[in-house]
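Biologist: Let us go through this model together. I will ask how each label is earned.

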Amino acid sequence: MFADDTTIHAHHQKIEPLASILQLSADELQAWTESNHMSLNPQKTEVMLLTTRQKRQNLATPFPTIQIGAQSITEVQVHKLMGVTIDNNLSWSQHISTTSKNISKKVYQLSRIKHFLDTHTRKLFYTTHIQSVIDYASTLWDSASGSSMKPLASVQRRAIKAVLLKPKLDPRVRYGTASLSISNNCTPGLLFDAI
């Protein structure tokens, strides 16, 4: 039997007690899995310390090693959890970059077929294939910096141009989507109001 993607979270203001809590949790999890005739795979287990970049720079000691049995767990800077890429500074830059690349592929697909679709179908394509990707877990990363959001804003504008069949967007008209308000002053709901 395989059980994947178990996550243990712990928090503390000081690093040594935090490491102790995580080690105790890892030991308890290992004991539980053994008593239930399962095993942990230390090679597929990772640990990540989430903190601000400023606090990380001021750490007096590195994060202590967490072990499963005699094997050390690898400390990582980035981890993907349920489709969301989390970095150890919670900057969300990597997640936004990955999301932008994913959406860019979908915008390319839309640009190839847009002339064969009516307005309703282009809007439907946008909503199901582009907006749904933007909306997924957006409450986690919507506080990212404006510079981090620029790639997403750019690809979203390309998508809007494809839906509207416009080579350029009128700078006097504010375009946006239902749930994403990005640094270029997009406002909710105006994409479909403009069509």
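Biologist: What pattern does the protein follow, read along the sequence?

Modeller: The model is predicted. Read along the sequence, the pattern is α-β-α-β-β-β-β-β-α-α-α-α-α. That gives seven helices and six strands.

Biologist: Where is the place of Asp 87?

Modeller: Asp 87 lies in strand β6, which covers residues 84–87.

Biologist: Why is Asp 87 said to have no salt bridge?

Modeller: A salt bridge needs a side-chain nitrogen of Lys or Arg within 4 Å of a carboxyl oxygen of Asp or Glu. For Asp 87, the nearest side chain of opposite charge is Arg 56, 7.0 Å away. The cut-off is 4 Å, so the 7.0 Å to Arg 56 does not qualify.

Biologist: What makes the pair of Asp 87 and Ser 91 a polar contact?

Modeller: Their side chains are 3.0 Å apart. The limit is 3.5 Å, so this pair counts. The side chain of Asp 87 also reaches the backbone nitrogen of Leu 90, at 2.9 Å.

Biologist: Is Asp 87 buried or exposed?

Modeller: Asp 87 is buried. Buried means under 20% relative accessible area, so Asp 87 falls below that mark. In the protein, 32% of the 195 residues count as buried.

Biologist: Which residues does Asp 87 touch, not counting those up to four places away in sequence?

Modeller: Asp 87 touches Met 48, Leu 50, Gln 77, Val 78, Trp 92 and Ser 93. To count as touching, heavy atoms must come within 4.5 Å.

Conventions: Residues are numbered from 1 along each chain as its sequence is written. This is a predicted model: local features need pLDDT of at least 70, side-chain atom pairs count only at pLDDT 80 or more; totals for chains, interfaces and linings use all residues. Side-chain values use heavy atoms; hydrogens and water are left out. Helices (H or I, at least four residues) and strands (E, at least two) are DSSP runs, numbered from the N terminus. Buried means under 20% relative accessible area, exposed over 50%, partly exposed in between (1.4 Å probe, protein chains only). Lys and Arg count as positive and Asp and Glu as negative; His and the chain ends are not counted. A polar contact is a pair of N or O atoms within 3.5 Å; within protein, one must be able to donate a hydrogen and the other to accept it, and residues adjacent in sequence count only if both atoms are side-chain atoms.
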